[in-house]
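Here are some notes to read with the structure open beside you. They are meant as a friendly guide to places that may reward a second look.

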Amino acid sequence: MSNDVTIAEICVAACSDIYRDSGELLAHAVGIIPTIGARLAKLTHSPDIILSDGEAFMMSEPPELGKSAAHGGTIEGWAPFSRIFDIVATGRRQSIMGASQIDQYGNQNISLIGDWKKPKRQLIGVRGAPGNTANHRVDYWIARHSSRLFVESVDMVSGVGNDRAKAAGLKHHHLGVIITNLAVLDYDENGRVKVLSVHPGVDPQEVTDNTGFPLDASNAPETRLPTDAELLLIREVIDPRAVRNREVPVPQPVG
Amino acid sequence: MPDKRMELSDAVASIESGMTIGIGGWGSRRKPMAIVRELLRSDVKDLTVVSLGGPDVGLLVAAGKVRKLIYGFVTLDSIPLDPLFTAARERGELELQEYDEGMFVTGLRAAANRLSFLPTLAGIGSDVLAANPHLKTIKSPYSDDEYVAVPAITMDVALIHANRSDTAGNIQFLGPDPYFDDLYAMAATRTFVSTEKIVPTENLLDEGSFHTLMLSRMYVTGVIETPKGAHFTTCEPDYGRDELFQKHYVASAKDPAAWDAFTAEFLSGDEDAFHAAVERFHAEQEKSLV
């Protein structure tokens, strides 16, 4: 089965790995691949994590992708937005967020491009990123690894990076990994982004070339392939309609 | 119990230029759109708008009603950005206070508690502080920790849309998420609630448990019966978002000529005229599908 594994499926497995030591906490995942990853984690190595349906409920049995608890799935708790902020403050949550820009210390921007007073492009605003990064582990998912996204400095720090967090004395700050369509990145002892692994079939040089700050990928190991059991769950149980291929557009056969 | 039923026009007539108004709901969900449309028809201006914003913000900004915006975000949910808001933002014409969502709620809680601020960890280390230079931090009296002191978000008037109310203004939210509407009401001097349906008090529990009675009449100045009053945003479980109409709103908002046509067609008349125009819109859409 594994000879036709796609990059999307490798990314799903990498997202799933984020939750290996999570225990009982709310797994918050933005995007299709992270959502599939969180469900895969729950169905495999991390059955205790708590999933939300993206609306106001926690689900013990995830419904089909894209459907809220109202359309099936077992509700195990009520989590309207007011409760979410309380959960964030207690630290019993973990997020995989997206990003429009990330710098070499993991500072993330989703708010705007350009100057704050008169932006070139208004994006979605800082949303919950400052609060999430101040309170609990945050990982990032990037569907298109590019030097426009991985930049020297971000235009507005929304999610707090390692340098800023250290300077401000944030006690609960914890950046995990950055999963992209090319590689898995994490941080070195100085809080700088480094390469943890490069996906099978990806030229390490491609990672460096598509990053707007120095990043050495030459000695990185390959990202693990999903197991046959994981592939079965991804393809037949969690995402039978292959929605994952929309987010990492061209299914790229590897191996 | 007092009878607080009133007309849309009476509620909006009591809102003056320069006031701070809070608008409940979240994104493109359960927004008091009938009241917003009435505001568009009024000559009120220079408003400070407090909102976890959706099309309420886009429409008021495009109509030149807003001087200052205190917000966590502006989104249409199924469509990430509101073009009316982003255009105004990119022209640099709005006075802004952008908050992290949790900071925004902390500001509402401070106002509701009659405190001038409440501390939070959210915002520390981020550029939210740089963008809002008036924001201060405060040192814990008990440790070395530093917190953001989020100033109270007080408001003259809060505007809310609900599923049900009685004539006295006991408010019922039947949907899965009440958002922060109760906090808005507690943070405001006066609160107007538009509601899908006014029912006798003894019938308030017919459709939902007592947990759905989240806003007591003690916080409510007036109730206005406005069926479909949240259109085109959601009002679960009474109706979902009118996605087709929202798409039409977004497409029109991206082009000045199309926006003029949209305004003429949908926003030039009263609330009945609006809903009649929406019905015509859907009938035409169906015809074009045949």
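The points below go through the sheet of chain A, the contact between the chains, the aromatic rings and some backbone details.

1. A word on the source before anything else: this is a predicted model, so please read every value below as computed from that prediction.

2. Let us begin with the sheet in chain A. It is open, has 9 strands and mixed pairing, and runs in the order β4-β3-β2-β1-β5-β10-β11-β12-β13. The edges are formed by β4 (74-78) and β13 (193-198) of chain A; each has a single partner strand, so one side of each is left without a neighbour in the sheet. On average, and with direction ignored, neighbouring strands are turned by 30 degrees against each other.

3. Within that sheet, have a look at β1 (residues 26-29) and β5 (residues 93-97) of chain A, which pair in the parallel sense over 4 bridges. Here A:His28 stands opposite A:Ser95 in β5(A). Helix α3 (residues 81-90) of chain A packs on the sheet and touches β1, β3 (57-61), β4 and β5 of chain A; its direction makes about 105 degrees with that of β5(A). Helix α1 (residues 7-17) of chain A lies across β5, β10, β11 (174-180) and β12 (183-187) of chain A, and runs at about 170 degrees to β11(A).

4. Now to the contact between the chains. It brings together 38 residues of chain B and 39 residues of chain A. The two chains bury about 3100 Å² between them, with 57% of this on carbon and sulfur atoms. Which three residues supply more than any other three of the area that chain B buries against chain A? They are B:Arg89, B:Glu90 and B:Asp127, with 18%. A contact across the chains that you may like to inspect is A:Arg127, which lies over the face of B:Phe73 at 3.8 Å from the ring centre.

5. The aromatic pairs come to 21 over all chains. One of them joins A:Phe150 and A:Phe213 edge-to-face, at 6.2 Å centre to centre and with 80 degrees between the planes. A:Phe150 is in the loop between β10 (137-142) and α5 (162-168) of chain A, and A:Phe213 in the loop between α6 (204-209) and α7 (228-238) of chain A, so this pair ties together parts that are 63 residues apart in sequence. Both A:Phe150 and A:Phe213 are buried.

6. Chain B has an edge-to-face pair to show as well: B:Tyr249 and B:Phe262, 6.1 Å centre to centre and 65 degrees between the planes. B:Tyr249 belongs to helix α8 (residues 243-253) of chain B and B:Phe262 to helix α9 (residues 256-267) of chain B, 13 residues apart. B:Tyr249 counts as buried at 0% relative accessibility, and B:Phe262 counts as buried at 3%. Both rings belong to a cluster linked by ring pairs, which also includes B:Phe232 and B:Phe274. The charged end of B:Arg37 sits over the ring of B:Phe274, 3.8 Å from its centre.

7. Finally, some backbone details in chain B to check. B:His231 and B:Phe232 are joined by a cis peptide bond with omega about 10 degrees, and B:Phe232 lies in the loop between β11 (222-225) and α8 of chain B. The peptide bond from B:Glu236 to B:Pro237 is also cis, with omega near 0 degrees. B:Arg114, although not a glycine, has a positive phi of about 55 degrees; this residue counts as exposed, at 80% relative accessibility.

Terms used
Residues numbered from 1 in each chain as written. Chains lettered and ligands numbered in written order. Predicted model: local features only at pLDDT ≥ 70, side-chain atom pairs only at ≥ 80, totals over all residues. Heavy atoms only, no water. Phe/Tyr/Trp six-rings, centres within 6.5 Å; stacked < 30°, edge-to-face > 60°. Helix = DSSP H or I, 4+ residues; strand = E, 2+ residues; numbered from the N terminus. Buried < 20%, exposed > 50% of the residue type's maximum accessible area, 1.4 Å probe, protein only. Lys NZ or Arg CZ within 6 Å of the ring centre and 35° of its normal. Pairing = 2+ DSSP bridges. Axes fitted to C-alpha atoms, helices over the stretch in contact; angles between N-to-C directions. Contact = heavy atoms within 4.5 Å. Buried area = accessible area lost by both parts, 1.4 Å probe.
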